[in-house]
Amino acid sequence: MHNFLPIAYFENQFVPFEQANISIATHALHYGTGAFGGLRGIPDPSNPQQILLFRLDRHCKRLSASARLLHFELPADKIESVIIDFVKKNQPDKSFYLRPFVYTSDLGISPRLHNLEKNFFVYGLELGDYLSPDGASCRISSWYRQEDRSLPLRGKISGAYITSSLAKTEAVESGFDEAILMNSQGKVSEATGMNVFVVRNGKLLAPGFEQDILEGITRDSILTMARDLGIPVVERPIDKSELFIADEIFLSGTAAKITPVKRIENFELKRDRPITMKLKDKLAAITENRDPDYKHWVTAIPLA
Ligand SMILES: Cc1ncc(COP(=O)(O)O)c(C=O)c1O
């Protein structure tokens, strides 16, 4: 059960969440022609009268790009101003997750993107840990990450999440917490809603954009933080077998933050995770606006 925030943005206005409903004939529901964002908001630990959002500009830019892939021009600054108003209207007092969504809102059939009304809504829900902070067990999925030649992977297109859904359920039903998907070349791509990082011999390895990953904003933040901390970073294709001999593996995402991997298939990983923990602590400090060097990544929204 979720605790939804009381106010939603729907069809260009703020309405009670319960009144933000769509028709069963909505085009996007049938064809997966939507795209979404996902941001976390937290009450500022040093001033509960304001809410902190992490990398709001990047999230709005990515959603605007996703909208464009759906033939919908929705400027990032419009998304940003709606999100700021959404937070002010809801006055959240706990950590929450904010879900902006763009979609073909017209009614009726025929898969296409042209000559259709598009729309944009935002809702929110309270959200604690998405995965256990102690670590996740992961299986290698029998489902493969899609390729950009059949689906625009630079957007967070809702229809694409059938693959994540299949992989997640397969993992959970076989006794794991999460799934890691390979791409069509057999290289490590990402998890069902997170990017993947591997530590080997003191180096932080990450699959590059050419490995069919989503351009994760947490991933981008981690690469910047790691370079600033003097951790050597290499973006390169990662083989499946490297997962089994890794010193550390972790998953990154807005919902999952930095979650260590404790087991991959039948291989247990060491509980000593110096690089993961260093990055995890740094990310927590930045999102709570405690790190003076990264204040530009945090938007403080006053509630009064
Ligand atoms: C498929 C997928 N990969 C990676 C991520 C991580 O992206 P971000 O760090 O921007 O949340 C997400 C979550 O948004 C996702 O859904």
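A cavity is a set of grid points, laid over the protein atoms alone, where a 1.4 Å probe fits but cannot get out, and its lining residues are those with an atom within 4 Å of a point. The legends below describe close-up views of a predicted model.

**View A. The ligand in its shell of residues.** The ligand is surrounded by 15 residues, of which Lys156, Tyr161, Ile217, Thr218 and Thr254 are the closest. By class, this shell consists of eight polar, four nonpolar and three charged residues. Two elements, α5 (217–229) and β14 (248–253), each contribute two or more residues to the shell.

**View B. Polar contacts of the ligand.** Oxygen atoms of the ligand are approached by the side chains of Lys156 and Tyr161. For Tyr161, the distance from a polar side-chain atom to a ligand oxygen is 2.5 Å. For Lys156, a side-chain N or O atom lies 2.6 Å from a ligand oxygen. Glu190 is paired instead with a nitrogen atom of the ligand, at 3.1 Å from an N or O atom of its side chain. The protein buries 95% of the 380 Å² that the ligand exposes when taken alone.

**View C. The largest pocket, which holds the ligand.** The largest pocket is the site in which the ligand sits. The space within this pocket amounts to about 680 Å³. Its lining comprises 33 residues, and Tyr97, Arg99, Tyr130, Lys156 and Gly193 are the closest to the centre of the pocket. Strands β6 (96–104), β7 (118–126), β10 and β14, together with helices α4 and α5, each provide two or more lining residues. Helix α4 gives the most, with five residues. The lining divides into 13 nonpolar, 13 polar and seven charged residues.

**View D. The largest cavity.** The model contains two cavities of 30 Å³ or more, and the largest of them encloses about 50 Å³ of space. Its lining is formed by Arg145, Leu151, Pro152, Leu153, Gly155, Lys156, Ile157, Ala160, Tyr161 and Leu214. Seven of these residues are classed as nonpolar, one as polar and two as charged. Lys156 and Tyr161, which line this cavity, are also among the residues closest to the ligand.

**View E. The second largest cavity.** The second largest cavity encloses about 30 Å³. Arg145, Gln146, Thr163, Ser164, Leu181, Glu190 and Ala191 form its lining. Helix α4 (161–173) and strand β10 (188–191) each supply at least two of the lining residues. The classes represented are three polar, two nonpolar and two charged residues. Arg145 appears in the linings of both the largest and the second largest cavity. Glu190, another lining residue of the second largest cavity, is the residue whose side chain lies 3.1 Å from a ligand nitrogen in View B.

Conventions
Residues are numbered from 1 along each chain as its sequence is written. This is a predicted model: local features need pLDDT of at least 70, side-chain atom pairs count only at pLDDT 80 or more; totals for chains, interfaces and linings use all residues. Side-chain values use heavy atoms; hydrogens and water are left out. A residue is near a molecule or strand if one of its heavy atoms lies within 4 Å of it. A polar contact is a pair of N or O atoms within 3.5 Å; within protein, one must be able to donate a hydrogen and the other to accept it, and residues adjacent in sequence count only if both atoms are side-chain atoms. Accessible areas come from the Shrake-Rupley method with a 1.4 Å probe; for residues, only the protein chains shown count as cover. On a 1 Å grid over the protein atoms alone, a cavity is a set of points where a 1.4 Å probe fits but cannot get out, and a pocket is an open set with protein on both sides within 12 Å along at least five of seven lines; lining residues have an atom within 4 Å of a point. A molecule sits in a cavity or pocket if more than half of its atoms lie within 2 Å of its grid points. Helices (H or I, at least four residues) and strands (E, at least two) are DSSP runs, numbered from the N terminus. Ala, Val, Leu, Ile, Met, Phe, Trp, Tyr, Cys and Pro count as nonpolar, Asp, Glu, Lys and Arg as charged, and the others, Gly among them, as polar. Grid points are joined across faces, edges and corners, and a volume is the space filled by probe spheres set on the points.
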